[in-house]
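Student: Got a minute to go through this one with me? I'd like to start with a helix and then look at some rings.

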Amino acid sequence: MTASEPTLAGADRRSPVLSIENLTVELAGEHGHVRVLDDVNFEIGARETLGLVGESGSGKTITALSVMGLLPKSARIPSGSIEMEGEQIVGCPLSDLQRLRGSRMAMVFQEPMTSLNPAFTVGDQIGETVRRHRGASRRAARARAVEMLDLVGIPNAARRVRSYPHEFSGGMRQRVMMAIALACEPALLIADEPTTALDVTIQAQLLDLLRDLQDQLDLALLFITHDLGVVADICDRVMVMYAGQVIEGADAETLFEHPEHPYTEGLLRAMPHIETRSGELFSIPGSPPAPLDRPPGCAFNPRCGYAEPTCTADAPPLRSIEPNHTTRCLLAEKLRLQGVQE
Ligand code: SF4
């Protein structure tokens, strides 16, 4: 790691569950390999929740898929390291990845129906994970399935274990996904927009459940979302991503109150409860650049209301602006950015 690329703010733990250093990912396309993730660094400790925030295409999901070893075949990792409980994931054999997935690290996705098999009962699907990773008998796997359904708050777990996915509501299916993900007590749970498809009441219930499970199971939680309201609810620290790079990182409270990057300020202003004087919702003008179309200098400069000539000349490094707070804005010291005040 170079001196100009500090690890994420706040990452001062003796033995992180997950540690990512200088991670760069490229995807093969018509025009050769294109960089979609650029020099990402962070750590997560037990019982800690790190939020990865940004618009679609910012690199959040690519980061998660890299950790799980689920990148598409067209992807390559030219540099960087991903250590899960000290075990190197980049370049490790598939058999090692398969051992880690489900047993030490697990992931839940936005739409559970794409992950659940409609042809098997939820009990079979939870039990399958336990049988594969722990060599449990059929009877023990079924008992564990009931226990897990109970843990994630499914009423009448002993009966519902025989139900099929289509017999559950969207919120209940997401609970089933959590039961599968957590059945073998992983150390790391990656939740990729797990509540986005749900209405706000169910969303709040699931976030409460995640917090409870995290405490009970000592989970390290990597929470991926575009919704800063959810981040405020659940995350200890936040990393904001843009165009494949981390552009700001801090503990959640600091980031909300004192953003140090204009993109973060824009995301905060775009939160639904913060309205402009005219009563209209704010939105950041323009859209993020495609990986092949990155502007020179700061990748955010075409959309930034504070841009100066230097912003198109120099690519800003990620740097510390105060203890445990990093930014990729060249002008951060002279800007007075607006956060959210309680
Ligand atoms: Fe805006 Fe310049 Fe900061 Fe980029 S470096 S965010 S263009 S002010």
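**Helix 4 and the ring pairs**

Tutor: Sure. The buried residues of helix 4 are Ala141, Arg144, Ala145, Met148 and Leu149; buried means under 20% relative accessible area, exposed over 50%, partly exposed in between (1.4 Å probe, protein chains only). They sit on the same side of helix 4, because they cover an arc of only 135° around the axis, taken from the directions from the helix axis to the C-beta atoms.

Student: What kind of model is this, and how are residues numbered?

Tutor: This is a predicted model, where local features need pLDDT of at least 70 and side-chain atom pairs count only at pLDDT 80 or more, while totals for chains, interfaces and linings use all residues. Residues are numbered from 1 along each chain as its sequence is written, and side-chain values use heavy atoms, with hydrogens and water left out.

Student: Back to helix 4: what covers its buried residues?

Tutor: The cover includes helix 3 (122-134), helix 5 (157-160) and helix 6 (170-182). Helices (H or I, at least four residues) and strands (E, at least two) are DSSP runs, numbered from the N terminus.

Student: And which exposed residues are on the face turned away?

Tutor: Arg139 and Asp150. Just after helix 4, glycine 153 has a positive phi of about 85°.

Student: New topic. How many aromatic pairs are there?

Tutor: The count is 3 aromatic pairs. Rings of Phe, Tyr and Trp (its six-membered ring) pair if their centres lie within 6.5 Å; planes under 30 degrees apart are stacked, over 60 edge-to-face, and the rest tilted. Tyrosine 242 and phenylalanine 300 have ring centres 5.2 Å apart and planes at 85°, so that pair is edge-to-face.

Student: Where do those two sit in the chain?

Tutor: Tyrosine 242 is in strand 9 (residues 237-242) and phenylalanine 300 in the loop between helix 10 and helix 11 (309-313), 58 residues apart. Phenylalanine 300 also pairs with tyrosine 263: centres 5.3 Å apart, planes at 65°, so edge-to-face. Ring pairs link Tyr242, Tyr263 and Phe300 into a cluster.

Student: Is tyrosine 263 buried or exposed?

Tutor: Buried, at a relative accessible area of 0%.

Student: What's arginine 269 lying over?

Tutor: The face of phenylalanine 282, at 3.9 Å from the ring centre. The rule for a charge over a ring is NZ of Lys or CZ of Arg within 6 Å of the ring centre and within 35 degrees of the ring normal.

Definitions and conventions. Contact means heavy atoms within 4.5 Å.
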